[in-house]
Amino acid sequence: MASSHGSAHGLADSTGLTGPHDGRAWEGIIRRYAAFLPVSEKTPIISLHEGNTPLLPAPRLSERVGADVFLKVEGANPTGSFKDRGMTVAISKAAEAGARAVVCASTGNTSASAAAYAARAGMSCAVVIPEGHIALGKLAQALVHGARVVQVRANFDVALDIVRELPSRAPIVVVNSINPDRIEGQKTGAYEVIDALGDAPDVHCIPVGNAGNIMAYWRGYRDYYAKNLSTRLPAMMGFQALGAAPIVLGHPVEFPETIATAIRIGNPASWEGAVEAARDSGGQIRAVSDEEILEAYRFLAVEESVFCEAASAASVAGLMKFGVPKGSRVVCVLTGHGLKDPDLAISQARVPVTVDATLDAVLATLELGE
């Protein structure tokens, strides 16, 4: 539906060329959904053809929870996470303003996305990360894309406090989710869900870390509802890790701990917006343990053939733990690809055995039978 409403004739792309737009989804979210985004013909579109990610039916999960469940596989974005949706808009708007450098604090995915899109735009990128609290796969992405990465001896929340102050000392644009353009881009995930299903789901399950994404999806669902492009609004169910659950607890967590590094955040920047999204939609924000996250992580890989990062599995862990009304249509957002954290993946897998290089030895080990 949205491709017919979101065309942007004459918008400049990252090469400076202009031309008509035919609504093809692979052209990226700005071209597809321009009518819903803060862009104009003056906006240079910095895109890696993000968005248009799969909405995958999950038959075994559906059977387990007694609902009709779909997985929004955001690991299919260019840098492997949902962050690309917001980053294409944030970097495009920064380019429109003449920025030459951007900065972010990150637990991983934001740094990878910011570095990639900044490189596409010809900008420099600085990243501030908490020492020892970022998956190596994500850090490698930021470094390979040419970002200048600085580790601070503190958690993410302190890193973000430092980043917030940098623009007062240097000509640089912050591209964390405190940048409103990030939230505007991320809301397009909700548009794609409705475009694929024909209407909004009954329940939307999503991990909550810095809390911008639950707020963004809720905004997106409301946009389509206001334009009569959907007939209902979903209950927004957000899930934090038990060791990093400040919204659930009602106070910041000074030393957040969880195996799900992407949501290891003790004082979310979008706390108020997340609470409003859950409350206004008739949903909730609840907590799941690391053990429950890992159970969901393994279930998705083995039963649904989807390899996501641990934080992504929080949405499914919450669904499995708390359930939904029977027969509900449910969308679970899987925010990032499993290769973002290969060390965790290896720790959850069976170690390969070594045998003699003979057919009999291989057959005996594989236990294939006669």
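At 22% relative accessibility, lysine 93 counts as partly exposed, a label that covers everything between buried (under 20% relative accessible area) and exposed (over 50%), worked out with a 1.4 Å probe and protein chains only. Its salt-bridge partner is glutamate 96, with the two side chains meeting at 3.0 Å, N to O; a salt bridge here is a side-chain nitrogen of Lys or Arg within 4 Å of a carboxyl oxygen of Asp or Glu. Both residues sit in helix H4 (residues 83-96), three residues apart, which puts about one helical turn between them. Glutamate 96 is partly exposed too, at a relative accessible area of 30%. Helices (H or I, at least four residues) and strands (E, at least two) are DSSP runs, numbered from the N terminus.

A word on the model itself: it is predicted, so local features need pLDDT of at least 70 and side-chain atom pairs count only at pLDDT 80 or more, while totals for chains, interfaces and linings use all residues. Residues are numbered from 1 along each chain as its sequence is written, and side-chain values use heavy atoms, with hydrogens and water left out.

Back to the charges: the structure holds 15 salt bridges. One of them joins glutamate 295 and arginine 64, at 2.9 Å from N to O. Glutamate 295 belongs to helix H13 (residues 290-303) and arginine 64 to helix H3 (residues 59-65), so this pair ties together parts that lie 231 residues apart in sequence. Glutamate 295 is partly exposed at 36% relative accessibility, and arginine 64 is partly exposed as well, at 44%. Another salt bridge brings together the side chains of aspartate 223 and lysine 187 (2.8 Å, N to O). Here the link runs from helix H10 to the loop between helix H8 (180-186) and helix H9 (188-197), so parts 36 residues apart in sequence are tied together. Lysine 187 is buried, with a relative accessible area of just 4%.

Lysine 72 is another buried lysine, at 1% relative accessibility. It is found in strand S2, and it shares a network of salt bridges with Glu74, Arg85 and Glu192. Leaving aside neighbours within four places in sequence, the residues in contact with lysine 72 (heavy atoms within 4.5 Å) include Thr53, Gly189, Tyr217 and Cys332.

Strand S2 (residues 68-73) has five of its six residues buried, so the rest of the structure largely encloses it. Strands count as paired if DSSP finds at least two bridges between them. S2 pairs with strand S1 (residues 55-57) in the antiparallel sense over three bridges, with proline 57 standing opposite phenylalanine 70. S2 also runs parallel to strand S10 (residues 329-334), and six bridges join the two; valine 69 stands opposite valine 330 there.

Elsewhere, four strands form an open sheet with parallel pairing, in the order S5-S4-S3-S6. Strands S5 (148-152) and S6 (173-174) stand at the edges with a single partner each, so one side of each has no neighbour in the sheet. Strand S3 (residues 101-105) and strand S4 (residues 124-130) are joined in the parallel sense by five bridges, and valine 103 stands opposite alanine 126 in S4.

Then there are the rings. The structure holds seven aromatic pairs, meaning rings of Phe, Tyr and Trp (its six-membered ring) with centres within 6.5 Å; planes under 30 degrees apart are stacked, over 60 edge-to-face and the rest tilted. Tyrosine 217 and tyrosine 221 form a tilted pair, 6.4 Å centre to centre with 45° between the planes. They are four residues apart in helix H10 (residues 212-226), about one helical turn, and both are buried. Ring pairs also link Tyr33, Phe36, Tyr191 and Tyr224 into a cluster.

H10 turns up again around helix H12 (residues 271-281), whose buried residues are Trp271, Gly273, Ala274, Ala277, Ala278 and Ser281. What covers them includes H10, strand S8 (235-241), helix H11 (246-249) and strand S9 (284-288). After H12 comes glycine 282, with a positive phi near 80°.
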